[in-house]
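Hi,

Here is the structure I promised to pass on. Have a look at it first, and my notes follow below.

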Amino acid sequence: MIVTKSWLNEWIDINDVSTDDLCKTFNSIGLEVDRIVNYDIPNKIIFGKVIECEQHPDADKLSVCKVDIGTSIRQIVCGAANVRAGLDVIVATIGCVMPSDMVIKPVKLRGIESEGMICSATEIGLPDMGEGIMEIDNSIGSYQLGQEVNTHPIFSDDLIEIELTANRGDCLSIRGVARDLSAAYGNPVKKVVVKQNDDKRLGIGRILSLTHDNDYNVNLRYKAMDIKDLVLPFIVRLRLAQIEENRESDIMSLMLYVTHSSGVILRAYEHAFFQENEEKMAKIELVNDDKNFASIMTYDGKKASTVGIIQEDESKVCCSEGIVLLEASYIPPDVISKKMLDNKLESGPLYYRTSRGSEPELNKGLDFCISLVEANSSSTVYGGTIELCDNYEESIVTVTKSEIDEIIGAQIDKTRITKLLKNLGFNTSKSQGDSYVISIPRYRHDITNKQDIVEEIVRMVGIDNIKSKPFELKEENRLEDDYFWYKKRKIYRHKAASVGFFESIHFVFDEKKVLNEYGFETLEEKIDLINPIAKTLDTLRPTLLTGLLKAASLNAKNGFSSIRLFEIGSVFNVQRDESVKLSILFSGDTAKDNVQNCGKPQIVDFGFFAQKLSDIIGEFELIEYETSHNLSHKYQCASVMQNSKKVGELFRVHPNVEEAYDLDVTYMCELDFEKLAYGLKTATSKSKYQASQKDLSLIMPKSMSYSVVKKVISDVKPDEIVEFYPVDRYSDDDLGDNMSLTIRFALQRNDRTLEEEDITSSMEAILEALKKELDIGLR
């Protein structure tokens, strides 16, 4: 998008803003400056007026002119075809150094003295405006003869090219860019008021009709003019040259200028193109073509244009006089872009603007165009307009002040926010308190949610003006119970596999007869299986133990002497309530035959199996316990305790059961999987000082449980004792009903190495408590 400072100044007051500051503002509000062109016209180039113009006596293509330069009349020989008396021109006077480094001196051309040069645009460093000298008029504002051109704002101008992102179609016009500057500087956009008096004008309905049979999702507005003596003003020709655009006719060029200035898409049609035979009435038909594009057609089916995409050459205005139909159009950019994506169609130069978003206020463009035509011609305007409007629902976005501050990460003054939004064209009149209800203008199709609103605020406040602070990311934990349950199962499965156990997986069904035989309660009859898949799978299993025994039996029959199996699976109580258990089985040899065991490995025993279980589930305690089923050995079973809670049972399989399944010595355990320890492991500090050990051998009744002794010691032990555990038990005839139990104590402090007195004091405290509570002491 190309703008000039003087052109912008027609829409917003930026007289006091330098070009450098203007470019910095553009960059800060997201309109990236791509190129700057400074028009530096040399000194001694002034405004002049041709008062006489005669043919050179010795040259057909030269003219001898008398030029008023304010302070004097100079004779200048000019070779331009368009020079004539009464023309205001630009004159390079004697001594001027031109941009081409040519110095203007008095010369004789074919014998006639010449004191200066009447200039074209390129000769003074302006863009090419076509052949001939510049014809100055009052479109540039006031100026005086003899005034240096570089003191006039139109000629001492700066061109700025802005690189726009694809969503900023609203800035593809001078008015659109001025709107953003209005929010940045706090200056209002100037209102261009065009007064139209249609009372004494011939109505447009006398010469034009529009028919349509559907809602085409387009906005169209037509006016008509009888063009006569149209002269394109100098400022229009200059600015079209600056934006490097031109059109076939003056009226087409004028409308291009208005489109670039106002953002409204304009087209001009020959009135005669739509006339039927010799009738004065022109008939326009709006229809959908074979590719579903809205098209402007004549009465006999000739296409004049495809709305928003391309105009047919046949319908364009090519003559300088006659009745011309002016069309302003708007079509939503998302609609036209989607259609072009689905159906490729040749497009014209205005499609770029239409597809990115043009101005929907069609009257602004039409009225501006007509005012320019009337000011620079003797044309007649027809009264009224012919319109077609689509159904448009205003887009509303709501956002609170706290949400804005939270997204930005800084407090922005509420009054400032309101002013910024208003200057950007947003309507906030329905807002209440700290809640903003924002009506989005139609030209801002890129604004759809509160984040877009906040982005506009940040853009105008300036990211450099918002105090930076560390980014704080708060993310809600999306991990749910299912994930942690899966993770727990995975961890215990891997632990069991890592110590040599193999996973065994079975149906959740089992044989009711076998379960009842071993003392397990099965489902109540009224909720039992109606159609079991097999007689041996006729109920839901209440335990995993029988399944593991069957699997172990098959392994034993296949010649395996060491069988290690585990399973994590669902079991069901008599009410059909589901729970998850972990069952483990170890049968036969503790290791394979090897040199170390001389080919005779030991058979698994209670202590070995308990150690393997500890490798899987961690620390636990065993308490004397009797199972409720018949699979266990009566004298080799225990309750498994973890964190002072019972989590399951451990036992040797009864010899009769071992024999029934052809198994060697077999140990099993079944644990409530939900109760097993699982959670985040946290590091704890450890003392750097040496630990000490002390053994106490106690005489105690054989009938006394170790758990009783443990409780007393736990209640009174000093902080120096970090752990204690039994290491030996001894009995003989001399001890009678008593036995000797040796307990090992580990002692350590975090702040220093323990002295012998500390150890002695701790042991005495333990012995004193045991004597007092249980009446037992040292051996």
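Which residues lie nearest the centre of the largest pocket? They are Phe620, Glu621, Leu622, Tyr706 and Lys710, out of 35 that line the pocket. Bear in mind that this is a predicted model.

That pocket has a volume of about 1,500 Å³. Two or more lining residues come from each of α15 (606-617), β28 (621-624), β29 (632-642), α17 and β33, and β29 gives the most, with 7. By class, the lining has 15 nonpolar, 11 polar and 9 charged residues.

The second largest pocket comes in at about 680 Å³. It has 24 lining residues, with Arg175, Arg179, Val189, Glu361 and Lys364 nearest the centre. Here α3 (174-185), α8 (362-375) and α10 (414-423) each give two or more residues, with α8 giving the most, at 4. This lining splits into 10 nonpolar, 5 polar and 9 charged residues.

I also looked at helix α18 (residues 756-774). With 19 residues at 1.5 Å each, it should span 27 Å, and its end C-alpha atoms are indeed 27 Å apart. Its buried residues are Asp758, Ile759, Ser762, Met763, Ile766, Ala769, Leu770 and Leu774. They cover an arc of only 125° around the axis, so they sit on the same side of α18. That buried set packs against β32 (692-701), α17 (706-716), β33 (721-730) and β34 (738-747). The face turned away from it carries the exposed Glu756, Glu757, Glu764, Glu768 and Lys772. Just after α18, Asp775 takes a positive phi of about 60°.

Cheers

Terms used. Residues numbered from 1 in each chain as written. Predicted model: local features only at pLDDT ≥ 70, side-chain atom pairs only at ≥ 80, totals over all residues. Heavy atoms only, no water. Expected span 1.5 Å × (residues − 1). Buried < 20%, exposed > 50% of the residue type's maximum accessible area, 1.4 Å probe, protein only. Arc of directions from axis to C-beta. Contact = heavy atoms within 4.5 Å. 1 Å grid on protein atoms, 1.4 Å probe; cavity = no way out; pocket = protein on both sides within 12 Å on 5 of 7 lines; lining within 4 Å. Points joined across faces, edges and corners; volume = space filled by probe spheres on them. Nonpolar A, V, L, I, M, F, W, Y, C, P; charged D, E, K, R; others polar.
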